Amino acid sequence: MKVPLFSPLAQNEPLAEELQKAFQNVLKSGYFILGPEVAGMEREAAAHLGADHAVGVSSGTDALLIALMALGVGAGDEVIVPSFTFFATAGVVKRLGAKPVFADVCPACYQIQPADVQRLISDKTKAIIPVHLFGHTADVDGIRQVVDGRPISIVEDVAQSMGAVTGGRFAGTIGELGCFSFFPTKNLGGFGDGGLVTTQDAELAEKIRRLRNHGMHPKYYHSEVGGNFRIDALQAALLRIKLPHLDQYLSARRFNAQRYLSELSQHPAVESAGYACGHDCACELEKNDAAILLPMTRCGQEPTWNQFTIRVRNGKRNALREFLLEHDIGAEIYYPVPLHRQECFAAYMPSEPLSHTELLCEEVLSLPVYPELKSGQLAYVIETIQGWLDQTTA
Ligand SMILES: *Cc1c(COP(=O)(O)O)cnc(C)c1O
């Protein structure tokens, strides 16, 4: 049996007719950049997320870049980011001439921790980018508390977690700005690159609208420098077809993750931290001698499981990955190299070691969890992992 890590095809095929109709409408309208389809997508995405404003942009990376531009981040500023995340989160900081300050993450839920952020705040800190990693949520309220009234903005990186809920609110609506991606493997997968910025602040929203179009306002007058960060009308039209199905995609992801959690945890070599919050539980988990640790969900959140990421201990992660690939099961390492160890960030080496990040980069492995995964495929992945555990832990 073949189980790919992702399958955008299976998600889009049932919508083929509607998607083709949307394409025909854009084709006939002759309106290809911004315009009514983009305005419609922004309105519907804002309503779905409970955000006051949503601005469509060219990618998740550009969403982060334009968010920092709108806040005026530049030379001399520091922006705190987790080291355990996709490159874009820190790349945009450096591109604006500011300094990325790398924070460690929790070894059980993989998210940036308020206590780590607190130690890194300085007079130069202009913004913090909590990343809602793997479809789970980071503790944005906790980070707000440690910011404690200082003029520091919170930019949520929601690229992997559209639809995730924490404390009754959608991720991306808690900080000053929320940045989303429509890359095909994200929760709301588009048909090429696309992204979105959300905010409750009308002035920031207007600024982002200007910046995505070269800072132009009114036409051919530029009081500031922006760029071309526009989203295509066609992309927006196609996303509008998929947005009403987002909840259903997320329930399927949750169902699949729940099955991994309940069935894998039955093996004696697997430890499940279940629902827990904070560092104490993480430390309890570390003491355990299980071969595999299942991902932890923080209290009060509904994760979206963009990834189902386990920890394979005792230096056996690559061996399990090879074993799964030999059995036609897709499995990937997000992420093999901490950002603070990337060559391009050599100038920003943290003063204290980021030991959890280092450990995770050695141990994490992401398994197929996409919504269209068939029940038999899931069972096959679980059996294959159990079989490997029987061989290696006997
Ligand atoms: C995917 C991703 C991005 C970038 O999104 P693109 O649309 O690919 O530019 C940023 N941050 C994180 C955490 C991501 O996973």
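Here are three short exercises on a predicted model, each with a worked solution.

**Exercise 1. Work out the strand order of the open sheet, and find which strands stand at the edges.**

Start with the pairings, one at a time. β10 is joined to β11 (residues 292–293) by two bridges, and these strands run parallel. For a concrete spot to look at, take Val270: its bridge partner in β11 is Ile292.

Next, go from β11 to β13. Two bridges join them, and here the strands run antiparallel. Ile292 turns up again, with Val312 as its bridge partner in β13.

Then take β13 and β14, which pair in the antiparallel sense over four bridges. Here Thr309 stands opposite Ser366 in β14.

Put the steps together and you get an open sheet of four strands in the order β10-β11-β13-β14, with mixed pairing. The edges are β10 (270–271) and β14 (364–367); each has a single partner strand, so one side of each is left without a neighbour in the sheet.

Now add the helix. α12 (residues 317–326) packs on this sheet and touches β11, β13 (308–312) and β14. Its direction makes about 20° with that of β14.

**Exercise 2. Decide whether the two faces of β13 are covered or open.**

Begin with the strand as a whole: five of its five residues are buried. Now split them by side. Phe308, Ile310 and Val312 lie on one side, and they are buried. Thr309 and Arg311 lie on the other, and they are buried as well. Both faces of β13 are therefore covered, since buried means under 20% relative accessible area.

Two of these residues came up in the pairings: Val312 is the bridge partner of Ile292, and Thr309 sits opposite Ser366.

**Exercise 3. Find how many disulfides the structure holds, then check Cys109 and Cys179.**

The count is zero disulfides. To see how that works out for Cys109, look at the nearest cysteine sulfur: it belongs to Cys106 and is 3.6 Å away. A disulfide needs the two sulfur atoms within 2.5 Å, and Cys109 is in no disulfide. As for burial, Cys109 has 3% relative accessibility, so it counts as buried.

Repeat the check for Cys179. The nearest cysteine sulfur is that of Cys344, 20 Å away, and Cys179 is in no disulfide either. With a relative accessible area of 1%, Cys179 is buried.

How values were computed: Residues are numbered from 1 along each chain as its sequence is written. This is a predicted model: local features need pLDDT of at least 70, side-chain atom pairs count only at pLDDT 80 or more; totals for chains, interfaces and linings use all residues. Side-chain values use heavy atoms; hydrogens and water are left out. Two strands pair if DSSP finds at least two bridges between them. Contact means heavy atoms within 4.5 Å. Axes are lines fitted to C-alpha atoms, for helices over the stretch in contact, and angles run from 0 to 180 degrees between N-to-C directions. Buried means under 20% relative accessible area, exposed over 50%, partly exposed in between (1.4 Å probe, protein chains only).
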